[in-house]
Amino acid sequence: MKAIAVIPGRPGSVHLAELPRPSVTEVPNGRGVLVKVLRVGVDGTDKEINVAEYGAAPPGFEFLVIGHESFGRVESVGSNVTELRAGDYVVATVRRPGSSLYDRIGTYDMTTDDSYFERGINLLHGFLTEYYVDEPEFIVKVPAGLREVGVLLEPLSVVEKGIAQAYEIQRRLRVWRPRRAAVIGAGTIGLLATLVLRLRGLEVTTFARTRKPYRNAELLESLGARYGSVQELPFLEAAGQFGPFDVIVEASGQSTAVFEAMQALGKNGVLVLSSVTGGDKQLSVPADRINLEFVLGNKVMVGSVNANREYFELGVRDMAQAEAEYPGWLGLLLTHPVKGLERFKELFEALTTARGAIKIYLEVAAL
């Protein structure tokens, strides 16, 4: 079967590879689930792996099949699988357990191992292929009514984890009633974070660079959120006008935004960091003031990466609620489809050149 792969460590090596079609028997004890891949989203992670910033091939392979934002349909199941059946629509989680205590109790997204296992990212093949096989523990059922937008579940799970962790942290306060939130960044993660916060009933201001008219701004405002361009009103000035914020989700991909967010956070507030940034950028910050305000204001900053099954399941529930409260909104994020594994070059060109793209995805097979 065909698959889109890269040779880790070799920039620009994306190519079409061949793999044998998997079987449910590859998973022991009759616990295999064979899934036909229908759609796979791509994002900056795939782009960065292709330019050799990170990523490692599975043992015994020189290439890594990429793609971590999957959506598919169950083809067959092993004799001891009761959770799923042929015809179910599903999304697979990305992280797989290692050896740490956190891995052993099911919170493998919190691993303390130096080496981690992520499908399509590190040491495990991903989903930009025709079929995959996995255990039901790592496969989440998606209602048929959400099949058109199911490919958004993986990025949504990242948002769900970050926001759920913020609420979990604030249990320390016994009573926490957040009212105002800010989201920094209006890409896919920023849009989804705004959606989830609005579903939680918060007043949300989302910031990005682009001035209006801007499609993403229109999408945000249709949720009842406020949009602000930092080119028109710098973030800290806007925060003084619309904040202070009880929750801030940083999703801009710019590390410098973190330190402004720290200054805009309200007392008893939580700043959730979701951007993965490389490089060695340096800047000058008012360190004493930030430290003082964090200590005296009982503020918290937390990093959030990837997600385990719990947050995928939470994402399914929020998708259903979003379709009820904002019908059709999620589908508007699916802006750039590319059809067929053979068009992998077009897929990666879109990551760099597609104007106005929100979610670029490959249609591997018909829904």
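A cavity is taken here as a set of grid points where a 1.4 Å probe fits but cannot get out. In this predicted model, one cavity of 30 Å³ or more is present. The volume of the largest cavity is about 40 Å³. Its walls are formed by V158, V159, G162, I189, V249, V272, S274 and S304. Helix α3 supplies three of these lining residues, the largest share. Sorted by class, the lining of the largest cavity comprises five nonpolar and three polar residues, with no charged ones.

Open space comes next. The second largest pocket has a volume of about 530 Å³. Two elements each give two or more residues to the lining of this pocket, namely β9 (123–124) and β10 (131–134). Strand β10 accounts for the largest share, with four residues. In total, 26 residues line the second largest pocket, and those nearest its centre are E26, R119, H125, Y132 and V133. The class make-up of this lining is 17 nonpolar, three polar and six charged residues.

The packing of the interior can be followed through the nonpolar cores. The largest nonpolar core contains 54 residues, and L195, W329, L330 and L333 have the most contacts inside it. Helix α4, spanning residues 188–199, contributes seven residues to this core, the largest share. A second core, separate from the largest, has 32 residues, including I4, V6, V42 and I49. Returning to the largest core, L333 offers a helpful view of the contacts there. Once residues up to four places away in sequence are set aside, L333 touches L152, L191, L192, L219, I358 and K359.

A charged residue also deserves a look. D88 sits in the loop that links β5 (69–77) to β6 (89–92). Its relative accessibility is 9%, so D88 counts as buried, the cut-off for that class being under 20%. The side chain of D88 reaches the backbone nitrogen of R85 at a distance of 3.0 Å. Beyond its neighbours within four places in sequence, D88 is in contact with G72, R73, V74 and K141.

Several backbone features are worth checking by eye, beginning with the cis peptide bonds. One such bond joins K212 and P213, with omega at about 0°. P213 belongs to the loop between β13 (203–208) and α5 (215–221). Another cis bond runs from G243 to P244, where omega is near -5°. The loop holding P244 lies between α6 (235–242) and β15 (245–250).

Positive phi values at non-glycine positions complete the picture. A52 is not a glycine, yet its phi is positive, at about 70°. This residue is located in the loop between α1 (44–50) and β4 (64–65). With a relative accessible area of 26%, A52 is partly exposed, because that class covers values between the 20% limit for buried and the 50% limit for exposed residues. R174, also not a glycine, has a positive phi of about 70°. R174 is placed in the loop between α3 (153–169) and β12 (180–184). Its relative accessible area is 80%, so R174 is classed as exposed.

How values were computed: Residues numbered from 1 in each chain as written. Heavy atoms only, no water. 1 Å grid on protein atoms, 1.4 Å probe; cavity = no way out; pocket = protein on both sides within 12 Å on 5 of 7 lines; lining within 4 Å. Points joined across faces, edges and corners; volume = space filled by probe spheres on them. Nonpolar A, V, L, I, M, F, W, Y, C, P; charged D, E, K, R; others polar. Buried < 20%, exposed > 50% of the residue type's maximum accessible area, 1.4 Å probe, protein only. Polar contact = N/O pair within 3.5 Å; in protein donor to acceptor, adjacent residues only side chain to side chain. Contact = heavy atoms within 4.5 Å. Core = buried A, V, L, I, M, F, W, Y, C linked by side-chain atoms within 4.5 Å.
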